[in-house]
Amino acid sequence: MIKEKVNTGLTFEDFKTEVINDYKIAIISRECSLLGRKEVLTGKAKFGIFGDGKEVPQLAMAKSFKNGDFRSGYYRDQTFMMAIGELTIQQFFAGLYAHTDIKQEPMSAGRQMGGHFATHSLNEDGSWKNLTEQKNSSSDISPTAGQMPRLLGLAQASKIYRNVSGIENASNFSIDGNEIAWGTIGNASTSEGLFFETINAAGVLQVPMVMSVWDDEYGISVHARHQTTKENISEILKGYQKEEGTNGFEILRVKGWDYVDLIATYEKAAEIAREKHVPVLIHVNQLTQPQGHSSSGSHERYKNAARLAWEKDFDCIRQMKLWMIAINIASPEEIEAIDLEAKKEVFEGKKAAWNAFIEPIVEEQKELVAILERIAVTSLKKEEILRNTASLKGIKSPLKKELLVMARKTLRSIINEEDKLELSRWITNYINKTQEKFSSNLFSNSDKNVFSVKEVLPVYPDNAKEDTDGRMILRDNFDAIFSKYPESLIFGEDAGNIGDVNQGLEGMQEKYGELRVADVGIREASILGQGIGMALRGLRPIAEIQYLDYLLYAIQIMSDDLATLQYRTVGKQKAPLIIRTRGHRLEGIWHSGSPMGMIINAIRGIHVLVPRNMTQAAGFYNSLLECDEPALVIECLNGYRLKEKMPLNYGEFKTPIGVVETLRKGTDITLVSYGSTLRLVEQAANELFEAGIDCEIIDLQSLLPFDVNQDIIKSVAKTNRLLVIDEDLPGGASAYILQQIIEQQDAYNHLDSKPQTLTAKEHRPAYGTDGDYFSKPSAEDIYEKVYAMMNEVNPSKFPSLY
């Protein structure tokens, strides 16, 4: 039994009112879970994952959660969201039904399954709200522990705002860095590497993070003995305990059914994190999961009778009831009345959500039925159409899909009849208006998207010579950036003290301090998370991944979190993170830097920029800092010591995004490439010109977006031949490039020869000069590929080489 403990800061009547209100929220949340499961099992909802068993600790967490704070959480935090006033009963069920109206389902407009929560950080025009005036939740994702890396950045933002001066509009994002980032996770998910990586990083950085582990002993059906050493996450994290003179965590433990201890524990954690910027881990154990993991199964299959009996007895809501009765907060009869009222409220909220979801579709159903009945009057397929119409009318709770399936099948059967026009127009209009509800906001629609930035050319002194190392162009441009944008910062392995491995940040840490130009540990995923979290709070971070191949450590976070953020919140959150890395043409399996096909297909929602030199790269950074979208910039690894002209307008010149550049005019064939490979293409083109073949060379500059002005097709229309040169694997980025040119730009209309690609071999590049030569396209490979294409056109002029 919970001991009698009363907050001495309240009168008993005030305390009683607060406790009863908490209990009402808990029981409403529980009823939502119970009724939600029924909605799945009856077929109204597709899938359910609920927060039952976690209600009381989430109430305690909500009490210490203040305006300006951020949550990065677990998909069972519905009670918490209700307690902070950011989730209603009707919204809960709207999420379960996948309602596509953002006003009805503000979390994701039906794009994510229920249990995935978010608040709105942006106004309708995409500008920032004042985040210090509201309670904030970053948008949840399903991949277990995927919420951890971003949590680190949300917490680090408070450290930056507390210690870096001069940031414009800082008061919209932070009040003296007093905000806490609150993380939640299931105990089984602490087995993930992302959890340990983030915990370690937070201990090093000393940021205001409070991490709650909801421990119910199971991960789906797998017991903790198979998940965690010693079956106890706080026990094995003892080494992280902060001691005098060390960094680390404060580690607290509390039973998940002890309402008063939970409140005291969360108050203590909040005080430590908010004031001292020391991270805290709260291990909330002895929790239950009354309905099992999800609506897909039953926990009775894997929990024994003793465990099930214990869960019934130590259900956190039952224990709260017993405590309330014991200290005269409420009588059993009063509690029963609260329970009955909660059931009624939840039922009415569910009913309202369902009606709001289904009624517009029923109206569309009636509209389609009327069209089909009109068509049937004169149709040769009258009986078939009437049968289909009767079937359609008989669907009590129609889906949009069912309407379209019937309409499109009917259209096929009347393809030769004049009355088909009304039906075909209805189908076209219906698809157009409905598709947007599922496909919008992959990228920003605001006036600060990447297409809003206009090109500004580098300005050079008279008689400028190409005598400056490329890395110095980057260095001096970063200097201009950090001076111009106090909210900008960069961090990565070796980025700070030595100024990055290629000296592109030489001297920047000394000038701008360790918070803005920072070294970090070898932990790519949480480097990305730092960037995402800080960008969610209005900073302009540049997260550096030392080599492109190492991006694979972070690709899951980029793909599942950053790339989907604007899409899954329907444009209500943004994280304009810039990811800096380097790749291409270096020798060896792990530093070859060319898994581009994998990257561009995994991170749709992030722009991918591939500059051929450091002036272009610097221009991309300048452009991106005026945008509100995330991007990956891949610098050429072998370009830091190559000579370039030194511009005069650092921080101001801008490389346009999504625009190709024609490096050489030609009439015989269009060669398309990007990055370091272009230098080989140019060498081969010069040699081919001597053989009578005039090549046009196009630098893509960016892969996402791709040639928005469709300039490549203009070249192909002139040359009638196309070769894509890429150092990715066969069928990698080259396949994407061809699809864009042939399919999207209709280049097949202008081709007199088969479009071709020249790529690296299927294996990763071998080490050494010879390994590189026999693994990737060389100047000789390019020459001979082009020559062979021209041999096919005019064998007498270009006799076969072999």
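Two strands pair if DSSP finds at least two bridges between them. In this predicted model, strand β18 (residues 669-673) pairs with strand β19 (residues 695-699) in the parallel sense over 5 bridges.

**Strand β18 and its partners**

A second neighbour of β18 is strand β21 (residues 722-725), which runs parallel to β18 and is joined to it by 3 bridges. L671 stands opposite I697 in β19 and opposite L723 in β21. Together with helix α22 (residues 677-690), β18 and β19 make a right-handed β-α-β unit. Of the 5 residues of β18, 5 are buried. Cover is found on both faces of the strand: I669, L671 and S673 are buried on one side, T670 and V672 on the other.

**Pockets**

The two largest pockets compare by volume and lining class as follows.

| Pocket | Volume | Nonpolar lining | Polar lining | Charged lining |
|---|---|---|---|---|
| Largest pocket | about 760 Å³ | 12 residues | 9 residues | 8 residues |
| Second largest pocket | about 560 Å³ | 8 residues | 6 residues | 10 residues |

The lining of the second largest pocket has 24 residues, and those closest to its centre are W128, N169, K448, E487 and G538. This pocket lies between domain 1 (56-75 + 124-330) and domain 3 (466-645), because both give residues to its lining.

For the largest pocket, 29 residues form the lining, with Y97, A98, F357, L399 and F438 nearest its centre. At least two lining residues come from each of α4 (89-97), α11 (332-378), α13 (400-413) and α14 (420-439). The most is given by α11, with 5 residues.

Methods: Residues numbered from 1 in each chain as written. Predicted model: local features only at pLDDT ≥ 70, side-chain atom pairs only at ≥ 80, totals over all residues. Heavy atoms only, no water. 1 Å grid on protein atoms, 1.4 Å probe; cavity = no way out; pocket = protein on both sides within 12 Å on 5 of 7 lines; lining within 4 Å. Points joined across faces, edges and corners; volume = space filled by probe spheres on them. Helix = DSSP H or I, 4+ residues; strand = E, 2+ residues; numbered from the N terminus. Nonpolar A, V, L, I, M, F, W, Y, C, P; charged D, E, K, R; others polar. Domains from an automatic or database assignment. Buried < 20%, exposed > 50% of the residue type's maximum accessible area, 1.4 Å probe, protein only. Right-handed = clockwise from strand over helix to strand, strands pointing away.
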